[in-house]
Structure formats: structure tokens, C-alpha cells
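Biologist: I have a new model open and would love to talk it through with you. Shall we take a look together?

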Amino acid sequence: LPICTALSGIGDEESARGAYECALQLRERFQETLPEERRRQNPLVAASLLNIGITFIKSAQWGEVKSFMESSVQAYRAAIEAGHRGGGRIGLMRALAALALAQWALGERTESINNSREAAERALMLARSNPAAHSEELGHHLMELRSRVSSIGRIDDALSFTEEAIAFFRIA
């Protein structure tokens with residue numbers, strides 16, 4: 001997948017998307033060869049869906065972003081419920097944040113805030129376990145949530161969570 005990242009990095013989103021779609025097909029075929037329990041735990045398809053959706057963000061194709069992110073969130077949730085540890089939680093947090101971004105752009109304010117809040121809550125959990133790796137991303141998710149709720153006048157909605165996150169930053 002480094003080629004996908006490189007293509008995206010130079011701004012060739014169409015080629016990056018094609019490479020990610022190829023990776024998705026390969027991962028889906030690989031996943032079919034796994035025993036049922038391992039198949040449910042495998043977050044590789046979810047990661048491919050996330051990556052494809054991200055390529056649509058850069059061209060503001062919000063309907064496409066939403067579709068891929070909803071599928072990615074569902075696949076990550078299934079993998080985590082089936083017992084996957086590690087990167088599935090990070091991927092779920094990022095897919096929720098990207099889904100929230102698409103929903104906001106599509107005017108789905110309540111859904112966007114709910115997913116943004118969940119992404120921030122998951123970022124806080126990850127930052128508690130590894131502050132060096134996740135504190136910056138937590139800060140980003142908090143700012144996104146604060147921006148969304150304040151733009152519609154619902155600042156109290158995020159107040160207690162924001163206070164909890166600030167307490168974390170004071171300790172970290």
C-alpha cells in the first residue's frame with residue numbers, strides 16, 4: 001500500500017483510488033480464505049474502505065465519502081466485536097471522524113455531531129493508553145467537535161466531555 005499513499009501524496013487521487021480499490025479486492029479475496037472467526041476479526045477490508053473514502057474527501061465528493069465511511073465503520077465495529085485488538089480501534093476512530101465530516105458537508109448536523117463525539121471519545125481512550133501516539137489526534141477531534149457544536153449553538157453538549165479531555169491534557 002505504500003504506492004497508494006505515494007500517489008495520494010502527490011495529488012493523484014484517481015490513481016490512488018484505483019490502487020486502493022485493487023487492494024480492497026485483494027483483501028476481500030484473502031478474507032474469504034480465512035476461517036470464519038478470523039474473517040470477522042480481520043479489519044483489512046475496513047481499512048481499504050477507509051482509504052478509498054479518504055480519496056473522495058480531497059475532491060469533496062461527500063456522498064461517496066459517506067458511503068465508504070459507513071461501510072468502513074460497520075466493518076471496523078464487526079472486527080472489534082469479534083475480538084480484534086489494536087489498529088481496528090484507530091481505524092474506527094478515523095472512519096467515524098471522516099463520516100462526521102461528510103455528514104456535516106451534507107447537512108446532516110445531528111448525525112455528524114454524534115459521530116464526531118464518538119470519534120473524540122475513542123481518541124481520548126486511545127490517548128489515555130498511549131499519550132505520545134494519540135494526544136495530537138485527540139486535540140484535532142476535540143477541535144472538530146467543538147467547532148460543530150458551537151456553530152449550531154449547542155456548546156453545552158460537548159462541555160463535560162471537553163472538560164474530561166482538558167483534564168487528560170493537564171496530566172499528560
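Biologist: How far apart are the end C-alpha atoms of helix 4, and what should its 14 residues span?
Modeller: Happy to start there, keeping in mind that this is a predicted model. With 14 residues at 1.5 Å a residue, helix 4 should span 20 Å. The distance between its end C-alpha atoms agrees with that expectation, being 20 Å.

Biologist: Is helix 4 largely enclosed or largely open, and how many of its residues are buried?
Modeller: The buried residues of helix 4 include Val45, Ala46, Leu49, Leu50, Ile52 and Phe56. Polar names appear in that list too, among them Ser48, Asn51 and Thr55. Helix 4 is largely enclosed by the rest of the structure, because the buried residues number 11 of the 14.

Biologist: What is the overall pattern of the chain, and how many helices does it have?
Modeller: Read along the sequence, the pattern is α-α-α-α-α-α-α-α-α. Of the 172 residues, 45% count as buried. Among contacts with a separation of 6 or more, 57% join residues 24 or more positions apart. There are zero strands, and the helices number nine.

Biologist: Which elements give two or more residues to the largest nonpolar core?
Modeller: In soluble globular proteins, nonpolar side chains tend to be buried together. Here the largest nonpolar core has 24 residues, and those touching the most other members are Ile52, Met69, Val73, Tyr76, Leu92 and Ala95. The elements that give two or more residues to this core are helix 2 (13-32), helix 4 (44-57), helix 5 (62-81) and helix 6 (87-105).

Biologist: Which residues does Ile52 touch, not counting residues up to four places away in sequence?
Modeller: Ile52 is one of the buried residues of helix 4, and one of the core members that touch the most others. Leaving out residues up to four places away in sequence, Ile52 touches Arg17, Tyr20, Glu21, Leu24 and Phe68.

Biologist: How many residues are in the other core that lies apart from the largest one?
Modeller: Its members include Ala123, Leu138, Ala165 and Phe168. Leu138 is also on the list of buried residues in helix 8. This separate core has 14 residues.

Biologist: How far apart in space are Ala23 and Asn51, C-alpha to C-alpha?
Modeller: Ala23 sits in helix 2 and counts as buried because its relative accessibility is 9%, while Asn51 is among the buried residues of helix 4. The two are 28 residues apart in sequence. From C-alpha to C-alpha, their distance in space is 10.0 Å.

Biologist: Where is Ala60, and is this residue buried or partly exposed?
Modeller: Ala60 is in the loop between helix 4 and helix 5. Its phi is near 55°, a positive value in a residue other than glycine. Most residues other than glycine have a negative phi. With a relative accessibility of 41%, Ala60 counts as partly exposed.

Biologist: Which residues lie closest to the centre of the largest pocket?
Modeller: That pocket holds about 180 Å³ of space. Helix 6, helix 7 (109-129) and helix 8 (131-151) each give two or more residues to the lining, which divides into six nonpolar, three polar and four charged residues. Of the 13 lining residues, the closest to the centre are Ala97, Ala98, His140, His141 and Glu144.

Biologist: Which residues is Ser116 in contact with, leaving aside its neighbours within four places in sequence?
Modeller: Ser116 is found in helix 7 and is buried, because its relative accessible area is 3%. Two of its partners, His141 and Glu144, are also among the residues closest to the centre of the largest pocket. The full list for Ser116 is Ala100, His141, Glu144, Leu145 and Arg148.

Biologist: And what separates the C-alpha atoms of Leu126 and Leu138?
Modeller: Leu126 lies in helix 7 and is buried, with a relative accessible area of 12%. Beyond four places in sequence, Leu126 touches Arg89, Ile90, Met93 and His134. Leu126 and Leu138 are 12 residues apart along the chain, and their C-alpha atoms are separated by 8.5 Å.

How values were computed. Residues numbered from 1 in each chain as written. Predicted model: local features only at pLDDT ≥ 70, side-chain atom pairs only at ≥ 80, totals over all residues. Heavy atoms only, no water. Core = buried A, V, L, I, M, F, W, Y, C linked by side-chain atoms within 4.5 Å. Buried < 20%, exposed > 50% of the residue type's maximum accessible area, 1.4 Å probe, protein only. Helix = DSSP H or I, 4+ residues; strand = E, 2+ residues; numbered from the N terminus. Contact = heavy atoms within 4.5 Å. 1 Å grid on protein atoms, 1.4 Å probe; cavity = no way out; pocket = protein on both sides within 12 Å on 5 of 7 lines; lining within 4 Å. Points joined across faces, edges and corners; volume = space filled by probe spheres on them. Nonpolar A, V, L, I, M, F, W, Y, C, P; charged D, E, K, R; others polar. Expected span 1.5 Å × (residues − 1).
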